[in-house]
There are 2 protein chains.
Amino acid sequence: MNLRQLGEDRLLHELLPSLGRSGGVILPAGDDCAVVPSPRGKLLLLKTDCVVENVHFRKDTPPKAVGWKAMMRPLSDFAAMSGVPQFALVTLMIPGRTTREWVRKLYDGLRRAASRFDVTIVGGETSSTKDLLAISISVSGFVERTRWVSRRGGRRGDDLFVTGRLGGSLRRKHLSFVPRIDESRWLTKNFVVHAMMDLSDGLGADLPRLAAASGVGFELEYEKIPRTAGAGIKQAITDGEDYELLFATPKRERPRLLARWRARFPKVPLTQIGRLTVKSATNRQKLPGGYVHFK
Amino acid sequence: MNLRQLGEDRLLHELLPSLGRSGGVILPAGDDCAVVPSPRGKLLLLKTDCVVENVHFRKDTPPKAVGWKAMMRPLSDFAAMSGVPQFALVTLMIPGRTTREWVRKLYDGLRRAASRFDVTIVGGETSSTKDLLAISISVSGFVERTRWVSRRGGRRGDDLFVTGRLGGSLRRKHLSFVPRIDESRWLTKNFVVHAMMDLSDGLGADLPRLAAASGVGFELEYEKIPRTAGAGIKQAITDGEDYELLFATPKRERPRLLARWRARFPKVPLTQIGRLTVKSATNRQKLPGGYVHFK
C-alpha cells in the first residue's frame with residue numbers, strides 16, 4: 001500500500017502513537033503544535049536540518065539508515081554546542097508513491113536515533129510531492145548558561161583537537177555515526193573549551209569557519225590528522241560528513257585532557273592537530289576546501 | 001548569478017546578517033545551533049511545517065509571497081494553540097540553478113512575515129537539490145500554562161465558531177493571509193475556550209479532527225457557514241488553506257463573545273456555525289472531506 005492510498009491522517013495515526021509521551025511532554029504529536037515544558041534557568045537551543053534523496057542518501061539506501069542519519073545530523077550540532085537535545089519535530093516531504101513500509105522503516109530509524117539520546121519525537125508533518133524525497137528535522141534542547149560553546153571563542157595559542165578519525169565517511173559511517181554528545185558534555189564539564197563545532201563539510205571547509213568566527217588564524221600539522229583506515233590526507237581534509245568534534249582549548253589543558261580522555265573514552269581517539277594563531281589571510285587558500293554545497 | 005556559482009557560505013553570509021539579533025537572541029544564525037533565552041515559567045511550543053513547489057506554490061508564484069506563506073503557515077498553528085511565536089529556523093531545499101535574486105526575495109517575504117509577529121529568524125540551513133524546491137520552517141514560542149488550547153477539550157453542547165470567511169483561498173488568500181494570532185490571544189484572555197484549531201485542510205476535514213480529538217460529535221448549520229465572495233457552500237467546506245480559527249466555547253459565552261468581538265475586531269467576521277454533540281459515527285461520512293494530502 002502506498003501513501004496515496006493510505007491518506008495522511010491514517011499514516012500519522014499509525015506512526016504517531018508509537019512515539020510515546022516521555023520526557024514530560026504535555027501535548028504530543030497530532031495537535032497543531034507540540035507543547036513541552038520549557039527548561040528552567042537554562043538556555044534554549046534550536047536547530048533544523050534536512051536530508052535530501054540523491055544528496056544525502058540514495059534511492060537504495062535502507063530507509064532505517066536514512067532515518068538514523070536524518071535525526072543524528074542535527075543532534076551532532078547539539079554536540080557542537082555541548083547541548084542536550086530533548087524534542088524533535090519531523091517534516092516528511094515524500095512522493096505519494098512511497099510505500100507505507102518504507103515510511104515505517106524510516107520512522108524506525110528516526111525513533112532509534114532519537115532514543116539513543118533520550119530525545120522525544122513530538123510532532124510529525126507530511127507533505128506529498130511529485131518526486132522529491134526529503135526529511136527535515138528540527139530539534140530543541142537546552143544548555144547550561146555556563147557551558148555553551150560556539151565557534152567564536154577560539155584564542156590565539158589554543159590547541160586544536162579533533163575526535164575520532166577523518167575521511168572516507170561516505171563509504172559507511174555517514175549512515176551510522178553516533179554524534180559526540182557524550183564526549184562534548186564531558187568536555188565542558190571538566191575542561192575549558194573556547195570554541196567547538198562538528199565537522200560536517202570536512203576539516204578543510206570547517207576549520208576556516210571556526211577560525212574566522214573566532215577572528216584568528218590557524219596552523220595545521222597535516223601529518224597528525226587522524227585518518228580513517230584507507231583514507232589519504234586529502235580525503236581526511238576534504239571528504240566531509242565526519243560528524244566529529246573540532247575544538248579549541250587553552251594549551252595548558254593538554255596533558256590532563258589527553259590523559260583523562262583516554263581513561264574515559266578509550267575507543268575514541270583524541271588528537272591535537274594544530275593550533276590557533278594570529279589572523280592570516282592566507283590560511284584559507286592553503287587548505288583544500290571541504291565539501292561545500294552548490295559547488 | 002545562481003547559487004551554484006555563489007556557494008552556500010556566501011549565500012548565508014549575505015542573508016543572515018540582515019536578520020538582526022532582536023528578541024534577546026544570545027547567539028544568532030550562523031553557528032551550529034541558535035541559542036535563545038528559554039521562556040520563564042511558561043510552556044514551550046514547537047511546530048514545523050513546509051511548503052513545496054507545485055504543491056503549496058507554483059513556479060511563477062512571486063518568491064516574496066512564497067516566503068510569506070512558508071512563515072505564516074506554522075504561525076497559524078501558534079494561533080490555533082493561543083501561543084506566542086518567538087524564534088524561527090529556515091531550511092531551504094533548492095536547486096543550484098536558483099538565482100540569488102529569487103532567494104533574496106524569498107527571504108524578504110520570510111522576514112516580513114516573521115516581523116509582523118515579532119518573530120526572529122535565528123537560523124538558516126540550505127541544501128542543494130536536483131529539482132526540488134521546498135522550504136521548511138520550524139518555530140518555537142511559548143504559551144502561559146493557563147491559556148493553551150488544544151483540539152481535545154471540546155464538550156457536548158459547546159458552540160462552534162469560525163473566524164473570517166471560508167472557501168476560495170487558492171485564488172489569492174493562501175499567499176497573503178495573516179494568522180489569527182491577535183484574535184486567538186484575545187480569545188483566551190477574555191473567554192473560556194475549550195478547543196481550537198486552525199483550518200488548513202478545509203472545514204470538512206478539520207472539524208471531524210477536532211471532534212474526534214475531543215471525543216464528541218458535531219452538528220453544522222450549513223447555511224450559516226461564512227463564505228468568501230464567490231465561494232459556494234461546498235467550496236467553503238472543502239477548499240482548504242483558509243487559515244481561520246475554528247473553536248468551541250461553552251454556550252453561555254455566546255452573547256458576550258459576539259458583542260465584544262464586534263467591538264474589538266470589526267473587520268473580521270465571527271460566526272457560530274454549529275455545536276458539538278454526543279459522539280456519532282455518521283458525522284464524518286456526511287461531510288464532504290476537505291483537502292487531504294496524498295488523496
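Two short exercises follow on a predicted model.

Residues count from 1 along each chain as written, chains are lettered from A in written order, and side-chain values use heavy atoms without hydrogens or water. Local features need pLDDT of at least 70, side-chain atom pairs count only at pLDDT 80 or more, and totals for chains, interfaces and linings use all residues.

**Exercise 1.** Describe how chain B meets chain A.

*Solution.*
- Start with contact (heavy atoms within 4.5 Å). 69 residues of chain B touch 69 residues of chain A.
- Next, take the buried area, the accessible area (1.4 Å probe) that two parts lose on being put together, summed over both. The two chains bury about 5800 Å², with 59% of it on carbon and sulfur atoms.
- Then look for salt bridges (a side-chain nitrogen of Lys or Arg within 4 Å of a carboxyl oxygen of Asp or Glu). The interface of chain B and chain A has 6. One of them joins A:Arg151 to B:Asp32 at 2.9 Å, N to O.

**Exercise 2.** Lay out the open sheet of chain B.

*Solution.*
- Strands are DSSP runs of E, at least two residues, numbered from the N terminus. Two strands pair if DSSP finds at least two bridges between them.
- Write the order: 5 strands, 7-9-6-10-8, with antiparallel pairing.
- Find the edges. Strand 7 (195-198) and strand 8 (217-220) of chain B each have a single partner strand, so one side of each lacks a neighbour in the sheet.
- Check one pair. Strand 6 (residues 159-163) and strand 10 (residues 270-277) of chain B are antiparallel and share 5 bridges. There, B:Leu160 has B:Gly274 as its bridge partner.

Conventions
Helix = DSSP H or I, 4+ residues; strand = E, 2+ residues; numbered from the N terminus.
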